[in-house]
Amino acid sequence: MPAGESRHASQPATAEPDEEASWLWAEIKAESRRDAESEPALASYLYSTILSHSSLERSLSFHLGNKLCSSTLLSTLLYDLFLNTFSGDPDLRSAAVADLRAARSRDPACASFSHCLLNYKGFLACQAQRVAHKLWTQSRRPLALALQSRISDVFAVDIHPGATLGKGILFDHATGVVIGETAVIGNNVSILHHVTLGGTGKAGGDRHPKIGDGVLIGAGATILGNVKIGEGAKIGAGSVVLMEVPPRATAVGNPARLVEGKEASKLEECPGMSMDHTSFMSNWSYTI
């Protein structure tokens, strides 16, 4: 990035969803043109995946279709499926925009919006799951499950099509994420790799966690059962959570326990957006 260039391009704060999508798509195309000029080896790829398309949903549908196709599940079929679903549902389009902005603002390794669109498997798996969820709610369950299988094979992210995802979701690194059928994830949630939102046995029904808005779940954490993780809560890396976590609380350990946090952090921070994993620590403890 040239010296002095802002990491985040500015956008009017009061933009309507369609205006925001248009602004973001213009940014993505501008980034891709710069990348094609600086790295000619990628020019053809960038043209076919981004620059030849007229909208974000067309580019995303083309990219997902090529990523998830197989010898028997053709890219053209998947492209039509994704494009028809995105085009017919403005909420899916706005969720994709929110997820792109989440990655760009929360992950310091995210070099650009186009980088996320092309290369972030957590973002791509999330968008594909949203389409699978739409199919699931339309009782097209065999196709939804087939799509889940391809998402798992290609991205190593296994999210049941019955799970409900909010907007502004960041799956950071994403490898090994497992989310069960009746799980619900709120808005502006960040989840790192190898996180499991699972059940506690073979019983059916509503059996998976409910994650509130603004929650941060650290790498390798496991949350089991129909338990609620309150708004703005923080789950430490490697924790095993079996009980409800109150809003703005921090849970760490195996089994997880609640820990005292700094008062300002409890009242003001949104961990899912700040990505602050350690604000609950005031000093090191050498006791077990």
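Contact here means heavy atoms within 4.5 Å. Keep that in mind for the helix pairs. One caveat: this is a predicted model.

Let's start with helix 2 and helix 3. Tyr-45, Ser-48, Thr-49 and Ile-50 in helix 2 touch Ser-59, Phe-62 and His-63 in helix 3. By class, that contact has 3 nonpolar residues, 4 polar and no charged. The two axes lie 8 Å apart, and the packing angle is about 120°. Angles of 65 to 115 degrees would count as roughly perpendicular. Helix 2 and helix 3 are therefore oblique to each other.

Stay with helix 2, residues 43-51. Which of its residues are buried? Leu-46, Thr-49, Ile-50 and Leu-51. These four cover an arc of only 145° around the axis, so they sit on the same side of helix 2. Turn to the other side of helix 2, and you find Ser-44 and Tyr-47 exposed. What do the buried residues of helix 2 pack against? Three partners: helix 1, residues 17-38; helix 3; and helix 6, residues 113-119. Thr-49 is worth a second look. It is one of the buried residues of helix 2, and it is also among the residues that meet helix 3. Ile-50 appears on both lists too: buried, and in the contact with helix 3.

Next, the other partner of helix 3. Helix 3 covers residues 56-68, and helix 7 covers residues 121-137. Their axes come within 11 Å and cross at roughly 100°. That angle makes helix 3 roughly perpendicular to helix 7. On the helix 3 side, the contact uses Leu-60, His-63, Leu-64, Lys-67 and Leu-68. On the helix 7 side, look for Phe-123, Leu-124, Gln-127 and Ala-128. The split is 6 nonpolar, 2 polar and 1 charged. His-63 takes part here, facing helix 7, and His-63 also meets helix 2.

Now the charges. How many salt bridges does the structure hold? There are 6. I'll show three of them.

The first on my list is Glu-20 with Arg-101. Their closest N and O atoms are 3.3 Å apart. This pair links distant parts of the chain: Glu-20 belongs to helix 1, Arg-101 to helix 5, residues 90-106, and 81 residues separate them. Is Arg-101 buried, exposed or partly exposed? Partly exposed, because its relative accessibility is 29%.

Next is Asp-99 with Arg-130. Here the closest N and O atoms are 2.5 Å apart. Again, distant parts of the chain are linked: Asp-99 in helix 5, Arg-130 in helix 7, 31 residues apart. Both Asp-99 and Arg-130 are buried. Why does Asp-99 count as buried? Because its relative accessibility is 2%, and the cut-off for buried is under 20%.

Look at what surrounds Asp-99. Leaving out residues up to four places away in sequence, Asp-99 touches Phe-123, Cys-126, Gln-127, Arg-130, Lys-167, Gly-168 and Ile-169. Two of those names are familiar. Phe-123 and Gln-127 are among the helix 7 residues that meet helix 3.

Last of my three: Asp-206 with Lys-210. Their side chains meet in a salt bridge at 2.7 Å, N to O. Asp-206 has a relative accessible area of 48%, so it is partly exposed.

To recap. Helix 3 is oblique to helix 2 and roughly perpendicular to helix 7. Helix 7 also carries Arg-130, partner of Asp-99 in helix 5.

Definitions and conventions
Residues are numbered from 1 along each chain as its sequence is written. This is a predicted model: local features need pLDDT of at least 70, side-chain atom pairs count only at pLDDT 80 or more; totals for chains, interfaces and linings use all residues. Side-chain values use heavy atoms; hydrogens and water are left out. Axes are lines fitted to C-alpha atoms, for helices over the stretch in contact, and angles run from 0 to 180 degrees between N-to-C directions. Helices (H or I, at least four residues) and strands (E, at least two) are DSSP runs, numbered from the N terminus. Angles under 35 degrees count as roughly parallel, over 145 as roughly antiparallel, 65 to 115 as roughly perpendicular and the rest as oblique. Ala, Val, Leu, Ile, Met, Phe, Trp, Tyr, Cys and Pro count as nonpolar, Asp, Glu, Lys and Arg as charged, and the others, Gly among them, as polar. Buried means under 20% relative accessible area, exposed over 50%, partly exposed in between (1.4 Å probe, protein chains only). The arc is that of the directions from the helix axis to the C-beta atoms. A salt bridge is a side-chain nitrogen of Lys or Arg within 4 Å of a carboxyl oxygen of Asp or Glu.
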